[in-house]
Amino acid sequence: NQSHYFPVGIDDAMVVRLTTDASRGITGMRPPPGENWVRRLMINVGAENVVLNHQNSNSGAIYRFICPNAGDLTLAPGDSAWVMYDRITLRWRVEGV
């Protein structure tokens with residue numbers, strides 16, 4: 001599992017390609033720099049599930065995801081989801097799957 005997800009180049013990325021060797025969760029992702037509202041497409045290009053964890057306390061508040069229906073979102077292999085950093089709530093909001 002991964003807290004405070006911050007791969008090299010994430011600050012400038014619009015597309016984030018995710019791959020893992022087993023089903024893993026991401027509890028949070030680094031917020032974008034500056035004051036901009038940023039959207040990113042999270043794509044699972046691997047062979048295992050990637051889970052975006054809803055409001056998980058293993059990540060600091062400003063790193064957390066707010067997922068639909070207040071539950072974790074599983075990205076199966078080949079699935080994708082848009083996330084947007086909300087500068088009011090200081091959270092990543094999962095917008096669409």
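**Exercise 1. Strand S1 and its sheet**

Which residues of S1 form its covered face, and which form its uncovered one? Then place S1 in its sheet.

*Solution.*
Step 1. This is a predicted model. Begin with the two faces of S1. Val16 and Leu18 make up the covered face. Val15 and Arg17 make up the uncovered one.
Step 2. Find the sheet. It is open, has 5 strands and follows the order S1-S3-S7-S8-S5. Its pairing is mixed.
Step 3. Locate the edges. S1 and strand S5 (65–66) are the edge strands, and each pairs on one side only.
Step 4. Check the S1 pairing. S1 and S3 run parallel and are joined by 4 bridges. Within this pair, Val15 stands opposite Leu41 in S3.
Step 5. Move across to S7. S3 and S7 pair in the antiparallel sense, over 5 bridges. Here Ile43 has Ser80 of S7 as its bridge partner. Strands of a sheet pair through backbone hydrogen bonds, either parallel or antiparallel.

**Exercise 2. The largest nonpolar core**

Work out how many residues the largest nonpolar core has and which of them have the most contacts inside it.

*Solution.*
Step 1. Count. The core has 18 residues.
Step 2. Pick out the residues with the most contacts inside it. They are Leu18, Met29, Met42, Leu52, Phe65, Val83 and Val94.
Step 3. Assign elements. Two or more residues each come from strand S1 (15–18), strand S4 (50–52), strand S6 (73–75), strand S7 (80–86) and strand S8 (91–96). S7 gives the largest share, 3 residues.
Step 4. Follow Met29. Beyond its sequence neighbours up to four places away, Met29 touches Tyr5, Ile10, Arg40, Met42, Tyr63, Phe65, Val83 and Trp92.

**Exercise 3. Two arginines**

Compare the surroundings of Arg91 and Arg87.

*Solution.*
Step 1. Place Arg91. It is found in strand S8.
Step 2. Look for a charge partner. Arg91 is buried yet has no salt bridge. Asp86 is the nearest side chain of opposite charge, 9.2 Å away. A salt bridge needs the charged atoms within 4 Å.
Step 3. Look for polar partners. The side chains of Arg91 and Gln55 share a polar contact of 3.0 Å. A polar atom of the Arg91 side chain also lies 3.4 Å from the backbone oxygen of Ala61.
Step 4. Place Arg87. It lies in the loop between S7 and S8. Its relative accessibility is 18%, so Arg87 counts as buried, the cut-off being under 20%.
Step 5. Trace its side chain. The side chain of Arg87 reaches the backbone oxygen of Pro32 at 2.6 Å. That of Gly34 is reached at 2.7 Å.
Step 6. Add the contacts. Outside four places in sequence, Arg87 touches Pro32, Pro33, Gly34, Glu35, Asn36 and Trp37.

**Exercise 4. A loop proline**

Is Pro31 buried or exposed? Give its place in the chain and its contacts.

*Solution.*
Step 1. Place the residue. Pro31 sits in the loop between strand S2 (24–26) and strand S3 (39–44).
Step 2. Classify. Pro31 has a relative accessible area of 13%, so it is buried.
Step 3. List contacts. Not counting residues up to four places away, Pro31 touches Asp11, Ile62, Tyr63, Tyr85 and Trp92.
Step 4. Compare sequence with space. Pro31 and Tyr5 are 26 residues apart along the chain, and their C-alpha atoms are separated by 9.5 Å.

Definitions and conventions:
Residues are numbered from 1 along each chain as its sequence is written. This is a predicted model: local features need pLDDT of at least 70, side-chain atom pairs count only at pLDDT 80 or more; totals for chains, interfaces and linings use all residues. Side-chain values use heavy atoms; hydrogens and water are left out. Buried means under 20% relative accessible area, exposed over 50%, partly exposed in between (1.4 Å probe, protein chains only). Contact means heavy atoms within 4.5 Å. A nonpolar core is a set of buried Ala, Val, Leu, Ile, Met, Phe, Trp, Tyr and Cys residues joined through side-chain atoms within 4.5 Å. Lys and Arg count as positive and Asp and Glu as negative; His and the chain ends are not counted. A polar contact is a pair of N or O atoms within 3.5 Å; within protein, one must be able to donate a hydrogen and the other to accept it, and residues adjacent in sequence count only if both atoms are side-chain atoms. Two strands pair if DSSP finds at least two bridges between them.
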